[in-house]
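Q: I am new to this structure and should like to learn how its features are read. Please take me through them in turn.

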Amino acid sequence: MPALPATTAIPDAVVDVAAGPATPLFASIGSITLSDALAWLAIGAFVTAMVLEWLDAVDPARYLAAGAWVVFGVFWVTLTPHYYLEVKSPIETLLTIAALPLCVYTGYLLFQGRESLLLLSKAVAIMGLIYLPVETIPVVRTWLIETTASQTHFGMELLGHSPGLTEGSNGYVSKFDFDPNETVTGRTTYIITACTGIGSMAIFGGLIAAVKAPLERKATAFALAIGVIWFLNLVRNVFIGLASPWGWFQQDALVYVVTEFMGAPADRTSYIVAHNFIAQSLSIVALLGITYLVVRILPEVLEPLEDVLYILTGTEYDLADALGQELRADGGATTAASGTEPASETAMTDAESDTEPER
């Protein structure tokens, strides 16, 4: 998946494997898929708008960012068939459908003069600058995928499973080499870019980098977010990587739901339940928890989050007041949560899964 939205976090994925060649989903123009082209176009426009704002050309920045949000929404809706037909993920399907009207509305608000949304646009620009190079630079992508696969395999070994690693159909040594004759479902999984957690890391990296605050607190918040995401992502990979071959969720009722309502093979039930329902639901909860921890260190990130809530509900919120946090207009180093009196008055600032299952 080429990028992530600012308003919603789509959980990462592990690819389910049976036998046979992988089936590509999207037609491409040359070697670039339509979704990739739209992602690069949107992020390029967001970055240009960020530069224009820095140059004090606020109105041109607003108009360009407004157009970028529309393109960003179209990008997400192009992924809907993939999540519905291939991944069979209700959560991701609904999120990609909702992304278009939400992004268009964000663009409309910017066009109408809501300048505070330039900060959210800046965060998305930085998210894209973190994620897209990782997705498109082969040496970095290879290192991330194979390192994640190795760490996941180590986690499996701690639980008494040592299938070994072999090359998956994506060309990386990231496939867990379970013997199909010895497992319950005859299936296994392999790691792709989305399984590395880089998408969620990009979200927090973008939010943290975009706001004005002392470098020390920003670095602390970033280290905390990345560390927690890495650990939880490893646990998730191990869980899905074992649930799929060993058929942890092959109960008759679940098999019926997956085959009758989702059109998936019966032997994919454990993978779909583990990945699409349990892991993705818990991922959303985890992202909310990580956000809370980051806010305690860096309350400045509440500002773009308030704009997200306004986009979703049409209501203005004061999250700093609700959480007992103080936002420093001067980017100062202390907050109410730290128990240290601020040096000046406080004020509100102005405001993968590109999975390709094998058959």
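The dialogue below discusses helices, cores, salt bridges and a surface patch.

Q: What kind of model is this, and how are its residues numbered?
A: This is a predicted model, in which local features need pLDDT of at least 70 and side-chain atom pairs count only at pLDDT 80 or more, while totals for chains, interfaces and linings use all residues. Residues are numbered from 1 along each chain as its sequence is written, and side-chain values use heavy atoms, with hydrogens and water left out.

Q: How many residues of α7 are buried?
A: Buried means under 20% relative accessible area, exposed over 50%, and partly exposed in between (1.4 Å probe, protein chains only). Helices (H or I, at least four residues) and strands (E, at least two) are DSSP runs numbered from the N terminus. In α7, 12 of the 13 residues are buried, so this helix is largely enclosed by the rest of the structure. Among them are I198, M201, F204 and L207.

Q: What do the buried residues of α7 pack against?
A: Contact means heavy atoms within 4.5 Å. The buried residues of α7 pack against α5 (117-136), α8 (215-246), α10 (269-297) and α11 (302-313). One residue of helix α7 (residues 198-210) is F204, which counts as buried at 4% relative accessibility. Leaving aside residues up to four places away in sequence, F204 touches A225, I229, L287, I290, T291 and V294.

Q: What span should α7 have, and how far apart are its end C-alpha atoms?
A: The expected span of a helix is 1.5 Å times one less than its number of residues. For the 13 residues of α7 this gives 18 Å, and the end C-alpha atoms are 18 Å apart, which agrees. The 20 residues of α5 should span 28 Å, and there too the ends agree, at 28 Å apart.

Q: Which residues touch the most other members of the largest nonpolar core?
A: In soluble globular proteins, nonpolar side chains tend to be buried together. A nonpolar core is a set of buried Ala, Val, Leu, Ile, Met, Phe, Trp, Tyr and Cys residues joined through side-chain atoms within 4.5 Å. The largest one here has 37 residues, of which F46, W69, F72, F75 and L110 touch the most other members. At least two residues of this core come from each of α1 (34-54), α2, α4, α5, α7 and α11. A second, separate core of 26 residues includes I208, A221, I226 and L305.

Q: Which parts does the salt bridge between R114 and D307 tie together?
A: A salt bridge is a side-chain nitrogen of Lys or Arg within 4 Å of a carboxyl oxygen of Asp or Glu; the count comes to 5 by this rule. R114 and D307 form one, with their closest N and O atoms 2.8 Å apart. R114 lies in the loop between α4 and α5 and D307 in helix α11, so the pair ties together parts 193 residues apart in sequence. R114 is buried at 18% relative accessible area, and D307 is buried at 2%.

Q: Which residues make the nonpolar surface patch?
A: Patches are made of residues with over 30% relative accessible area and no salt bridge; like charges are joined within 9 Å, and nonpolar side chains (Val, Leu, Ile, Met, Phe, Trp, Tyr) within 5 Å. Areas come from the Shrake-Rupley method with a 1.4 Å probe, and for residues only the protein chains shown count as cover. V70, V74, V77 and V104 make a nonpolar patch of about 230 Å². Helix α2 (residues 58-78) gives the largest share, 3 residues. V104 lies in helix α4 (residues 90-112) and is partly exposed at 37%.
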